[in-house]
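Hi,

Here is the structure I promised to send over. Have a look at it first, and then read on for what turned up.

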Amino acid sequence: MTPEDATVLARRVMDIGDDIAELTAQEERLARERAGIIQMFRQDGWSLGKIATAMGLSRSRVAQIAGSVTGPR
């Protein structure tokens, strides 16, 4: 491997790290949004079971999602 090859590969590793950090931040934003939507249903009087049926999820999964985010970061 030439020094130039090593430089290119090292830069690629750093770029991948940046991409992963961006995806992680996006995942956290989406998780907060999803939990917020479930909270909106709950505030409108929907039971976890009714939400689960509407979303095609189990009641326990809806409860897990709703409790997975504690607020803005």
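Is Asp 15 buried, partly exposed or exposed? Asp 15 counts as partly exposed, because its relative accessible area is 27%, which falls between the 20% and 50% cut-offs. Keep in mind as you read that this is a predicted model.

Asp 15 is worth a click for its partner, too. Its side chain meets that of Arg 11 in a salt bridge, with 2.6 Å from N to O. Arg 11 is also partly exposed, at 41% relative accessibility. Both residues sit in helix 1 (residues 3-43), four residues apart, or about one turn of the helix. Why does that spacing suit a pair? An α-helix has 3.6 residues a turn, so residues three or four places apart point the same way. Side chains of opposite charge can then pair when their charged atoms come close. The salt bridge count for the model comes to one.

Now for helix 1 as a whole. With 41 residues at 1.5 Å each, helix 1 should span 60 Å, and its end C-alpha atoms are indeed 60 Å apart, so the two values agree. Ala 31, Ala 35 and Ile 38 are buried in helix 1, and the buried residues of this helix pack against helix 2 and helix 3. After helix 1 comes Gly 45, which has a positive phi near 95°.

On to the inside. The largest nonpolar core has six residues: Ile 38, Leu 48, Ile 51, Ala 52, Val 62 and Ile 65. Helix 2 (48-55) and helix 3 (59-67) supply at least two residues each, and helix 2 has the largest share, with three. If you want one core residue to zoom in on, try Ile 65: leaving out residues up to four places away in sequence, Ile 65 touches Arg 34, Ala 35, Ile 38 and Leu 57.

Leu 57 turns up again on the outside. Leu 57 lies in the loop between helix 2 and helix 3 and is partly exposed, with a relative accessible area of 36%. Together with Ile 37, Met 40 and Met 55, Leu 57 forms a nonpolar patch on the surface, with about 350 Å² of accessible area between the four of them. So Leu 57 belongs to that patch and also touches Ile 65, a member of the core.

Shout if anything looks odd when you open it.

Cheers

Conventions: Residues are numbered from 1 along each chain as its sequence is written. This is a predicted model: local features need pLDDT of at least 70, side-chain atom pairs count only at pLDDT 80 or more; totals for chains, interfaces and linings use all residues. Side-chain values use heavy atoms; hydrogens and water are left out. A nonpolar core is a set of buried Ala, Val, Leu, Ile, Met, Phe, Trp, Tyr and Cys residues joined through side-chain atoms within 4.5 Å. Buried means under 20% relative accessible area, exposed over 50%, partly exposed in between (1.4 Å probe, protein chains only). Contact means heavy atoms within 4.5 Å. A salt bridge is a side-chain nitrogen of Lys or Arg within 4 Å of a carboxyl oxygen of Asp or Glu. Patches are made of residues with over 30% relative accessible area and no salt bridge: like charges are joined within 9 Å, nonpolar side chains (Val, Leu, Ile, Met, Phe, Trp, Tyr) within 5 Å. Accessible areas come from the Shrake-Rupley method with a 1.4 Å probe; for residues, only the protein chains shown count as cover. The expected span of a helix is 1.5 Å times one less than its number of residues.
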